[in-house]
Amino acid sequence: MVLTSRDAGSTRRTDSPDPTPAPVLPPISRKKQTAVLFSAFMTIVLTIGYNQCFGVFQQYYLSSSQDVLVPSPASQDSPPTALLAFVGTLCYGLTWAGGILVNPVISRIEHGTWAPTTPSSRLWRRRILRLLTPRAITISGVLMMSAGLTLASVSRSIWQLLLTQGFLVGLGMSLLYFPLLAPAPEYFTNHRATAMGFILAGGGAGGLIFSNVIQVLLNSVGGRWTLRIYAIFNLIAGLPIAWAVPRSRFAGISTAERPERPNTHVSRALASKPTFIFSAVAAFLQAAGAQLPLSFIPSYTVVLGLTATKGANYLAISNAINAVSRILTGYAGDRLGRQNTLLLTLFFTATSVFAFWVSSVLSTSSSSLSLWLAFIVFYSFSTGGYYGLFPALIAEVFGIRQYAAVNAFILFVRGLGTMFGSPVGGQLLGSSEEGTRAYKIIAYWDGALLMGATLCCVGVRWADGKGKGWRWIA
């Protein structure tokens with residue numbers, strides 16, 4: 001089946017028709033779709049899956065049995081919880097934020113817009129461009145991730161962890177993530193939300209596996225060897241995925257006998273639209289709020305009187321539920337409307353924080369654990385809706401030709417939000433003598449962030465309906 005870029009984007013009418021004829025895209029085989037689906041899924045497993053279980057590392061670094069940091073944070077009067085949380089959120093944030101640089105580079109490489117222009121620079125530029133390919137970038141990302149984990153295994157202070165397990169690993173993840181994820185929506189049309197939901201379910205699947213495996217390794221061989229073993233695993237699993245990076249379907253399109261490159265930077269006109277402004281603010285608030293519970297699930301479980309292993313198990317359960325949710329909400333979005341489904345699940349996410357986590361913190365009875373488990377279940381399921389739907393939603397609201405630019409910017413904003421939420425939450429954490437009530441302000445902070453994101457998504461729904469014509473299924 002031959003598709004055009006108009007078929008690949010939103011099918012609703014816009015206020016002003018685009019006079020540019022839609023280029024004909026090359027046909028897609030089922031084999032190619034399957035390859036893209038699997039490679040993108042595994043990319044999410046290795047990047048987002050790891051990031052979603054960093055709370056296991058965080059709890060370990062704060063424990064008295066850790067063998068990495070000197071002196072041990074547990075021996076300090078005021079443990080550096082916020083700074084250790086920032087190690088994980090820096091890695092997670094850079095995974096997303098790096099797209100604002102990686103996406104334009106990939107697009108220019110694929111469309112040949114870095115061709116040599118002067119005889120004096122032709123030779124050296126030709127040599128560099130021969131080596132600078134999407135595959136070289138993804139392989140460099142895998143090598144950088146493993147190098148960061150290996151260097152983290154010889155670290156002795158938090159600032160060294162920030163440079164290695166935070167900055168270096170996060171930057172490497174960004175180099176792997178975007179070349180494989182950015183072209184993925186182009187290979188699916190009618191079931192794009194379902195496909196993207198399956199791909200992004202890799203985050204939950206990876207977190208489900210890694211949470212328990214990392215906790216077992218930490219208990220048996222310690223922190224340093226856990227980091228080294230994971231670095232070797234990342235190298236073995238990541239290199240084949242990096243080699244399979246797909247090419248953008250628009251790379252072979254030409255208009256007026258010149259290669260046409262999708263926009264990789266947000267124009268001033270686009271940035272001034274209410275849909276874009278609301279989307280960016282919602283992305284920041286949702287990222288800040290959604291990552292925060294994942295950072296504190298292990299530690300809050302320990303405060304409730306359970307073991308660190310139980311905390312890792314609960315984090316694994318959270319990731320498993322989240323993985324299923326991303327697939328189901330993607331499927332529901334294709335039938336009930338992607339904006340409707342995303343808005344509903346985001347509202348349930350914010351509600352679950354106030355209904356269950358805040359209630360667990362304030363409870364003085366044995367029901368505190370039951371409320372906490374209820375929060376993990378409801379929160380994990382509802383938060384999967386945003387992750388599973390927002391890539392397809394970007395393509396629907398802004399069009400597939402604007403997808404690379406908008407997606408890179410939105411993920412950049414999400415990266416900033418991720419680096420903002422958990423460290424601030426760490427600063428809001430009360431003293432250990434307060435027990436569960438030490439997390440009271442964190443829970444209120446998380447609920448406020450997610451409720452703000454919900455209101456911004458209402459703004460996106462309103463602005464998009466006003467500009468393109470209101471539809472109940474959207």
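**Note on aromatic contacts and the second largest pocket**

1. F398 is a buried residue, its relative accessible area being 13%. That value falls under the 20% cut-off for burial. The model discussed here is a predicted one, and the residue serves as the starting point for the remarks on ring contacts below.

2. The partner of F398 is F276, which is also described as buried, with a relative accessible area of 4%. The two rings form an edge-to-face aromatic pair, with 6.2 Å from centre to centre and 80° between the planes. Since F276 belongs to helix 12 and F398 to helix 15 (residues 367-398), the pair ties together parts that lie 122 residues apart in sequence.

3. The contact between F276 and F398 should be read against a search of the whole structure, which finds 27 aromatic pairs. Another pair is that of Y50 and F57, whose ring centres are 6.4 Å apart and whose planes meet at 55°, so the arrangement is classed as tilted. The class follows because only planes over 60 degrees apart count as edge-to-face, and those under 30 degrees as stacked. Y50 is buried at a relative accessible area of 1%, and F57 is buried at 2%.

4. Y50 and F57 are also members of one aromatic cluster, which further comprises F54, Y60, Y61, F210, Y230 and F233.

5. Two arginine side chains are placed over aromatic faces. R135 lies over the face of W243, 4.1 Å from the ring centre. R414 is positioned over the face of W96, at 4.3 Å from the ring centre.

6. The second largest pocket contains about 590 Å³ of space. Its lining is made up of 24 residues, and those nearest the centre are P79, T81, L429, G430 and S432. The elements giving two or more residues to this lining are helix 3 (54-62), helix 4 (81-97), helix 12 (274-303) and helix 16 (403-428).

7. Which helix gives the most to the lining of the second largest pocket? Helix 12 does, with four residues. Helix 12 is also the element that holds F276, the partner of F398 in helix 15.

8. As to the character of the lining of the second largest pocket, eleven residues are nonpolar, twelve are polar and one is charged. Glycine is counted among the polar residues in this classification, and G430 is one of the residues nearest the pocket centre.

Notes:
Residues numbered from 1 in each chain as written. Predicted model: local features only at pLDDT ≥ 70, side-chain atom pairs only at ≥ 80, totals over all residues. Heavy atoms only, no water. 1 Å grid on protein atoms, 1.4 Å probe; cavity = no way out; pocket = protein on both sides within 12 Å on 5 of 7 lines; lining within 4 Å. Points joined across faces, edges and corners; volume = space filled by probe spheres on them. Phe/Tyr/Trp six-rings, centres within 6.5 Å; stacked < 30°, edge-to-face > 60°. Buried < 20%, exposed > 50% of the residue type's maximum accessible area, 1.4 Å probe, protein only. Lys NZ or Arg CZ within 6 Å of the ring centre and 35° of its normal.
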